[in-house]
Amino acid sequence: MASTTDPELKSSEPPPPPPPAATADAVDYFKIDVILRVLLFASSLAAIIVIVTSQQTEIVPLLTGGFARRPAKFKYFVAAFSVSGLYSIITTLASISVIQKPQLKLKFLIQFIFWDTLILGIIASATGAAGGVAYVGLKGNDHVSWNKICNVYDKFCRHIAASLAVALFGSVVTLLLIWFSAKALHHRVPK
Amino acid sequence: MEMMIRKASVCDFVVRIVAFALTLMAAIIVGSDKQTKLVPIKLFDSLPPLNVPLTAKSTYQSAFVGYAALSLVVEVVIRRGSSRWLLGRMIVMVDALMVGLLFSGNGAASAVGLIGLQGNSHVHWTKVCNVFTKFCDQFEVALSFSLLASLAFLFLLLRPLFTLQITH
C-alpha cells in the first residue's frame with residue numbers, strides 16, 4: 001500500500017522519515033477522533049443542562065390539592081452524562097497529545113476502544129432508562145393506573161424530550177468513536 | 001501463538017452461544033410473563049369492595065426478541081466467516097451496536113421495573129409489585145439474564161483488545 005504512494009510523495013515534497021501512508025491515515029483518523037470527542041462533550045453537557053433546568057412545579061388540584069414536586073429526578077441520567085462529559089474532556093486532551101506523539105498510537109487506540117465501550121454501556125443504559133420512564137410519563141399505563149403526566153407537566157416533558165434527543169446523539173457519537181477506532185486499529189495491526 | 005489464537009476463538013464462540021441462549025431465554029421469559037389477578041377496589045366506603053380482574057403484561061417482548069434474532073444473525077455470520085478479515089471487522093461493529101442496544105434496553109426495562117417495585121409518589125404511580133408478585137419475579141429473572149447477556153457481549157468486544165495488548 002505504501003509502495004504505490006511513495007514515488008508521488010517524494011516528487012512533490014521532501015520525504016518524511018516515518019512511513020507516509022500509514023501516518024497520514026492515522027493522523028486523519030485522530031482528527032476525526034478529536035472532533036467526535038468534542039461533540040460527545042458538547043452533547044453530554046447540553047443533556048445535563050437541559051435536564052437539570054427542567055424543574056417545573058404545577059398546581060394540580062385533582063391529584064394532590066397543592067403543589068406537586070417535579071416528577072422524577074433522573075439522577076442516574078445526570079450522573080452518567082457527567083461521567084461521559086468528564087471522560088470526553090480527558091480523552092480529547094489525550095487524543096490531541098497522540099497527534100503530537102505518533103509512536104504511542106497503537107497503545108492509545110487499544111485504550112480508547114476499551115474505555116469507549118464502557119462509556120457506551122453507561123450512557124446507553126442511562127438513555128434507555130430515562131427514555132423508558134419518559135415513555136410511561138407520555139403515554140401512561142392503563143393496566144396499572146399510572147396516569148400520563150405530560151399533559152400537566154408540559155415544560156418538564158419538553159425538556160426531557162430535548163435532553164433525550166441530545167443523549168441519543170451522544171450515544172451514537174460514542175458508537176461512531178468505537179467504529180472509527182476499530183477501523184484504525186485494523187489498519188495498524190499487522191496481519 | 002497459533003494455539004493461543006485458536007483457544008481465544010473457541011472461547012469467543014462459546015461466549016457467543018451463551019449470549020444467544022441468555023437473550024433467547026430472557027425473550028421467552030418476558031414474552032410468557034403474564035399475570036391476571038383479582039384486585040379488590042373500594043369505590044365508595046359504604047359499598048363492598050369490587051373485584052376487578054387486572055392483567056399485567058409486558059410490552060418489551062418484541063424488543064427482546066429482536067435482540068435475540070440479531071444475535072443469532074451475528075452468530076451465523078461468525079460461524080460462516082471466522083477466517084475472513086472484513087467479516088471480522090463487521091462483527092466488531094455489530095457487537096458494539098449490540099452492546100449499546102442491549103444496555104439501553106436493560107436500562108429502560110429496569111427503570112420501569114423500579115417504578116413498578118417502588119412506585120413514584122410525586123405523580124401517583126403506585127407500586128404494582130406487591131400485587132403482581134409472580135409477574136415481577138419473572139421480570140427480574142429475565143432482566144438478570146439479559147444483563148448477563150449484555151456483559152457477555154461486552155466481553156466479546158473487549159477480549160481481542162487484551163490479546164492485542166499481550167502480543168504487542
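**Note on a predicted two-chain model**

1. Start with B:Phe103. Leaving out residues up to four places away in sequence, B:Phe103 touches A:Gly121, A:Ala124, A:Ser125, B:Ser150 and B:Leu154. Its contacts therefore include residues of chain A and of chain B, with contact taken as heavy atoms within 4.5 Å. Please keep in mind that this is a predicted model.

2. The setting of B:Phe103 is helical. The residue is found in helix α3 of chain B. Its relative accessibility is 14%, so B:Phe103 counts as buried, the cut-off being under 20%. B:Ser150, one of the residues it touches, is 47 residues away along the chain. The C-alpha atoms of B:Phe103 and B:Ser150 are nevertheless separated by 6.5 Å.

3. Next, the fold of chain B. It has 4 helices and 2 strands. From the N terminus on, the order is α-β-β-α-α-α. Of its 168 residues, 40% count as buried. Take the contacts in chain B between residues at least 6 apart in sequence: 70% of them join residues at least 24 apart. The accessible surface of chain B comes to about 9,300 Å². Carbon and sulfur atoms account for 70% of that surface.

4. Annotation of chain B. An unreviewed UniProt entry lists "transmembrane region" at residues 13-32, 59-78, 90-117 and 141-162. Two of these spans can be set against the model. Residues 90-117 are 100% helix and 0% strand, with the end C-alpha atoms 40 Å apart. Residues 141-162 are also 100% helix and 0% strand. There the end C-alpha atoms lie 31 Å apart.

5. Now chain A. The chain has 5 helices and 2 strands. Along the sequence the pattern is α-α-β-β-α-α-α. Buried residues make up 43% of its 191 residues. Among contacts in chain A between residues at least 6 apart in sequence, those joining residues at least 24 apart are 82%. The accessible surface is about 10,000 Å², and 69% of it belongs to carbon and sulfur atoms.

6. Annotation of chain A. UniProt, again in an unreviewed entry, gives "transmembrane region" for residues 34-53, 74-100, 112-138 and 159-182. Over residues 74-100 the model shows 96% helix and 0% strand. The end C-alpha atoms of that span are 40 Å apart. Residues 159-182 are 100% helix and 0% strand, and their end C-alpha atoms are 35 Å apart.

7. Which residues have the most contacts inside the largest nonpolar core? They are A:Phe74, A:Phe77, A:Phe81, A:Trp146 and B:Trp125, in a core of 37 residues. Both chains contribute helices. In chain A, α2 (20-52), α3 (75-100), α4 (105-139) and α5 (154-188) each supply at least two residues. In chain B, α3 (85-118) and α4 (133-167) each do so too.

8. A closer look at A:Phe74. Leaving aside neighbours within four places in sequence, A:Phe74 is in contact with A:Ile51, A:Ala130, A:Val133, A:Phe156 and A:Ile160. Apart from the largest core lies another, of 30 residues. Among its members are A:Leu109, A:Ile113, A:Phe114 and B:Val99.

9. Aromatic pairs deserve a point of their own. The count is 6 over all chains. Why is the pair of A:Tyr29 and A:Phe30 edge-to-face? The ring centres are 5.0 Å apart and the planes stand at 70°, so the pair falls in the class over 60 degrees. Both residues are buried: A:Tyr29 at 6% relative accessibility, A:Phe30 at 0%.

10. A second edge-to-face pair joins A:Phe114 and A:Trp115. Here the centres are 5.1 Å apart and the planes are at 80°. Burial splits this pair. A:Phe114 has a relative accessible area of 19% and is buried. A:Trp115, at 42%, counts as partly exposed.

11. Last, the ring cluster. Ring pairs link A:Tyr29, A:Phe30, A:Phe108 and A:Phe112. A charged side chain also meets this cluster: A:Arg37 lies over the face of A:Phe112, at 4.2 Å from the ring centre.

Technical notes. Residues are numbered from 1 along each chain as its sequence is written. Chains are lettered from A and ligands numbered from 1 in the order in which they are written. Side-chain values use heavy atoms; hydrogens and water are left out. Rings of Phe, Tyr and Trp (its six-membered ring) pair if their centres lie within 6.5 Å; planes under 30 degrees apart count as stacked, over 60 as edge-to-face and the rest as tilted. Buried means under 20% relative accessible area, exposed over 50%, partly exposed in between (1.4 Å probe, protein chains only). A charge sits over a ring if NZ of Lys or CZ of Arg is within 6 Å of the ring centre and within 35 degrees of the ring normal. UniProt positions are given in the numbering used here, feature names are shortened, and annotations may be inferred rather than shown by experiment. Accessible areas come from the Shrake-Rupley method with a 1.4 Å probe; for residues, only the protein chains shown count as cover. A nonpolar core is a set of buried Ala, Val, Leu, Ile, Met, Phe, Trp, Tyr and Cys residues joined through side-chain atoms within 4.5 Å.
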